[in-house]
Amino acid sequence: MSEKKVSLLEGFKAFLMRGNVIDLAVAVVIGAAFTNIVNAVVKGIINPLVGAFGTQDLDNYSSCLRGPCTTDPATGQMDGIEILWGSVLSATLSFLITAAVVYFLMVLPMAKYLARRAAMQAAKEGVQETLEVSELEVLKEIRDALVAQRGGGAAGAGGFGAGGPGEGGGALPGRDGER
């Protein structure tokens with residue numbers, strides 16, 4: 001019975017230690033902190049700018065859809081139907097600011113970094129490919145020089161041919177002209 005509890009705890013620990021759960025937890029915490037920053041920017045900067053043309057609090061902007069929109073001071077209830085479009089505008093501005101900051105400070109730099117990294121990797125692979133081609137050229141030159149030393153002359157200029165060494169494709173002793 002204790003083995004089952006240990007395995008359940010180990011499974012729970014493995015679940016918690018997976019990368020995506022930790023990343024999600026970090027994202028939620030940072031998102032909550034970031035929300036406070038955005039709300040402070042809207043309240044401290046955007047609302048006063050809007051306040052230069054009207055009221056400082058966007059939540060005060062509203063329209064009456066039907067009937068007189070008056071509040072009874074005794075009960076605190078509203079007569080009529082009030083549309084609070086200022087609250088919607090404030091939330092929209094908060095969203096746009098959040099999206100802009102996330103894009104320009106997180107997404108765009110990460111995309112540029114990943115593009116640079118991919119370009120460096122492609123360049124590294126290109127250099128490796130060039131080195132392999134260079135090695136192949138050097139090996140061909142060595143082969144041609146060895147064939148020329150053996151006295152193959154014109155017959156050996158083409159290398160070993162399609163058959164490879166010993167297959168009648170090049171200038172090997174005892175094989176010239178035996179086709």
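**Entry 1: one residue**

In which strand is the place of T70? I looked it up and found T70 in strand 1, which runs over residues 63-71. I note at the start that this is a predicted model.

Next I asked whether T70 is buried, exposed or partly exposed. Its relative accessibility is 41%. Buried would need a value under 20% and exposed a value over 50%, so T70 counts as partly exposed.

Then I looked for the partners of T70. Leaving out residues up to four places away in sequence, T70 touches Q77, M78 and D79. I also checked G80, which stands 10 residues from T70 along the chain. The C-alpha atoms of T70 and G80 are separated by 7.3 Å.

**Entry 2: the elements**

I went on to the protein as a whole. How many helices and strands are there? I found 3 helices and 2 strands. Read from the N terminus, their order is α-α-β-β-α.

**Entry 3: the annotated spans**

I checked the UniProt record, an unreviewed entry, for annotations. It gives "transmembrane region" for residues 21-42 and 83-108. In the model, residues 21-42 are 100% helix and 0% strand. The C-alpha atoms at the two ends of residues 21-42 lie 31 Å apart. For residues 83-108 I noted 92% helix and 4% strand. The end C-alpha atoms of residues 83-108 are 37 Å apart.

**Entry 4: surface and contacts**

What share of the residues counts as buried? The protein has 179 residues, and 11% of them count as buried. I wrote down an exposed area of about 13,900 Å² for the protein. Carbon and sulfur atoms supply 65% of that area.

For contacts, I took those between residues at least 6 apart in sequence. Of these, 28% join residues at least 24 apart.

**Entry 5: confidence**

Last, I looked up the confidence of the prediction. The mean pLDDT of the protein is 75, and 79% of the residues reach 70 or more. Where is confidence lowest, and where is it highest? Helix 1, residues 2-17, has the lowest confidence, with a mean of 72. Helix 3, residues 85-149, has the highest, at 84.

I marked two stretches for caution. Over residues 166-172 the pLDDT stays under 50, and the model has 21 contacts beyond four places in sequence for them. Over residues 174-179 the pLDDT is also below 50, with 7 contacts in the model beyond near neighbours in sequence. Predicted coordinates should not be read in detail where pLDDT is low.

Key. Residues are numbered from 1 along each chain as its sequence is written. This is a predicted model: local features need pLDDT of at least 70, side-chain atom pairs count only at pLDDT 80 or more; totals for chains, interfaces and linings use all residues. Side-chain values use heavy atoms; hydrogens and water are left out. UniProt positions are given in the numbering used here, feature names are shortened, and annotations may be inferred rather than shown by experiment. Buried means under 20% relative accessible area, exposed over 50%, partly exposed in between (1.4 Å probe, protein chains only). Contact means heavy atoms within 4.5 Å. Accessible areas come from the Shrake-Rupley method with a 1.4 Å probe; for residues, only the protein chains shown count as cover. pLDDT is the predictor's confidence in each residue, from 0 to 100.
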